[in-house]
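Subject: Model handover

Hi,

Here is the structure I promised to pass on to you. Could you open it in your viewer before reading the notes?

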Amino acid sequence: TCPEGRADRVSGGAAMLKLNRSFASAFVAEEELVSYMDEHADVLARCQAGEDRYADSLGWLSVDEWASDAILDRTCALAEQIRSMADTFVVIGVGGSNNGSRSVQAALAPEGARLVWAGNTLSAWELNRVLDELEGHNVVIDCIAKNFETLEPGSSFRLLRQYLVERYGREEAARRIVCTGTIGSPLEDLCRAEGYTFVPFATNVGGRYTALTEVHLLPMAVAGVDIRALVAGARTMERLLRTAPVGENSAFAYASARNMLWDRGYRVELLSFFEPRFRWFSKWWEQLFAESEGKDGRGIFPAAAECSEELHSLGQFVQDGTHILFETFLDILEPGVGDSLVLGGTDVADAFGYLDGKDFWDINKASFTATREAHAGMLPCFTLELDRLDEEHMGMLFYWFAFACYASGELLGVNPFDQAGVEAYKRLMFDALGK
């Protein structure tokens with residue numbers, strides 16, 4: 001079974017996830033921001049309550065609706081069953097069907113089954129690489145498809161399903177296939193006909209908002225993530241954001257600042273981080289804001305910068321380029337296991353003697369603080385500060401950004417939950433393939 005969770009470590013709530021606005025105050029004065037938030041207090045109230053017009057998309061707003069204790073028990077039991085027969089779990093899904101669980105696995109490197117990612121490409125080269133990765137391993141696959149019409153997961157599911165049948169035989173392959181889809185969908189019908197395990201896709205949650213549902217909780221649990229702790233962090237953040245008044249609501253302050261900057265001509269937001277473990281979280285964040293706000297000729301373009309490497313490429317544009325962007329940093333305040341590495345003293349005259357005995361944690365921090373100070377002289381810089389990088393904080397991050405995105409879309413005047421633009425290329429692609 002899954003660990004019991006470490007809810008006691010989530011005490012203090014807001015102190016563990018803080019929005020630092022001090023490096024943006026030269027561009028968004030605090031009194032201006034407070035005035036803007038007060039003026040739009042009705043938007044916060046609507047988001048906290050959940051609006052009837054978005055009822056079919058707001059299942060994530062109450063964490064317990066799709067991550068209750070009963071659901072966590074069920075998910076953990078299935079994860080244990082999967083681990084008992086396989087050391088490799090293939091997650092077949094694209095975008096919102098894999099970014100959440102992938103970001104947690106990459107950030108925390110849990111000690112469970114190995115996860116392999118598929119269904120997010122049509123590249124023959126990449127699909128051959130995935131098949132090669134499975135050789136010599138016991139495999140279970142999970143096809144995640146809300147409507148079972150998207151080409152990438154659908155085609156990969158056929159490929160990998162046939163791989164399992166060829167390798168294990170039809171009956172044993174059926175035991176090794178999990179499908180996560182909508183109740184009543186063709187995918188569920190297929191599962192019933194073939195004897196595959198079926199996991200329900202949250203009916204009132206769009207793909208990019210599903211990080212705290214079984215869509216992602218199952219792969220996380222198979223990988224060894226403490227999903228109870230992750231959900232506990234999300235619950236804490238829900239309590240804070242859905243009860244905090246206007247002046248104390250950090251997610252609403254972030255949403256308000258973004259829209260103030262939009263009104264002033266800023267068109268790009270750069271999510272920057274000095275810890276590579278946030279690489280896949282930034283993919284989740286990009287999809288969340290791009291699909292939620294990029295419509296009706298509006299929306300801030302979300303981009304990410306993995307530092308310090310990007311300081312030697314994008315850093316030049318940020319410092320001296322056109323003033324179209326602002327920056328949000330992710331910062332971890334406390335080092336965890338594996339976050340310390342002391343550099344030995346000088347062994348040759350390499351001109352880096354000033355680093356003798358220094359810890360790379362501190363060297364990296366010096367790079368971050370210097371970068372933020374330099375960039376803040378040119379553009380607004382916000383910092384989202386986490387005490388640690390663990391399950392609780394990942395859960396808090398997912399909920400904090402989802403709530404902020406909802407509020408930001410409302411302030412911008414767009415529907416944060418549809419994505420009609422995504423369908424345009426699909427129609428042309430299906431025509432070309434003869435569907």
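Below are some notes on confidence, two regions of strands and a few helices.

First, the ground rules: this is a predicted model, with local features needing pLDDT of at least 70, side-chain atom pairs counting only at pLDDT 80 or more, and totals for chains, interfaces and linings using all residues. Residues are numbered from 1 along each chain as its sequence is written, and side-chain values use heavy atoms, with hydrogens and water left out.

Confidence (pLDDT is the predictor's own score for each residue, from 0 to 100) averages 94 over the chain, with 96% of residues at 70 or more. Residues 5-15 fall below 50, and in the model this stretch has 23 contacts (heavy atoms within 4.5 Å) beyond near neighbours in sequence.

Helices and strands are DSSP runs numbered from the N terminus (helices: H or I, at least four residues; strands: E, at least two). Two strands count as paired if DSSP finds at least two bridges between them.

An open sheet of 5 strands has the order β3-β2-β4-β5-β6, with parallel pairing. β3 (114-118) and β6 (197-200) each have a single partner strand, so one side of each lacks a neighbour in the sheet. Neighbouring strands are turned by 20 degrees against each other on average, direction ignored (axes are lines fitted to C-alpha atoms, for helices over the stretch in contact; angles run from 0 to 180 degrees between N-to-C directions). Within the sheet, β4 (139-144) and β5 (177-181) are joined by 4 bridges, and C143 sits opposite C179 in β5.

Helix α4 lies across β2, β4, β5 and β6, at about 150 degrees to β6. Its 17 residues (69-85) reach 25 Å between the end C-alpha atoms, close to the 24 Å expected (1.5 Å times one less than the number of residues). Buried residues of α4 (under 20% relative accessible area, 1.4 Å probe, protein chains only; exposed is over 50%, partly exposed in between) include I71, L72 and M85.

Now to the other strands. In β10 (381-386), 6 of the 6 residues are buried, so this strand is largely enclosed by the rest of the structure. C381, T383 and E385 point one way, while F382, L384 and L386 point the other. β1 (17-20) pairs with β10 in the antiparallel sense over 4 bridges, whereas β9 (325-332) pairs with β10 in the parallel sense over 6.

Happy browsing!
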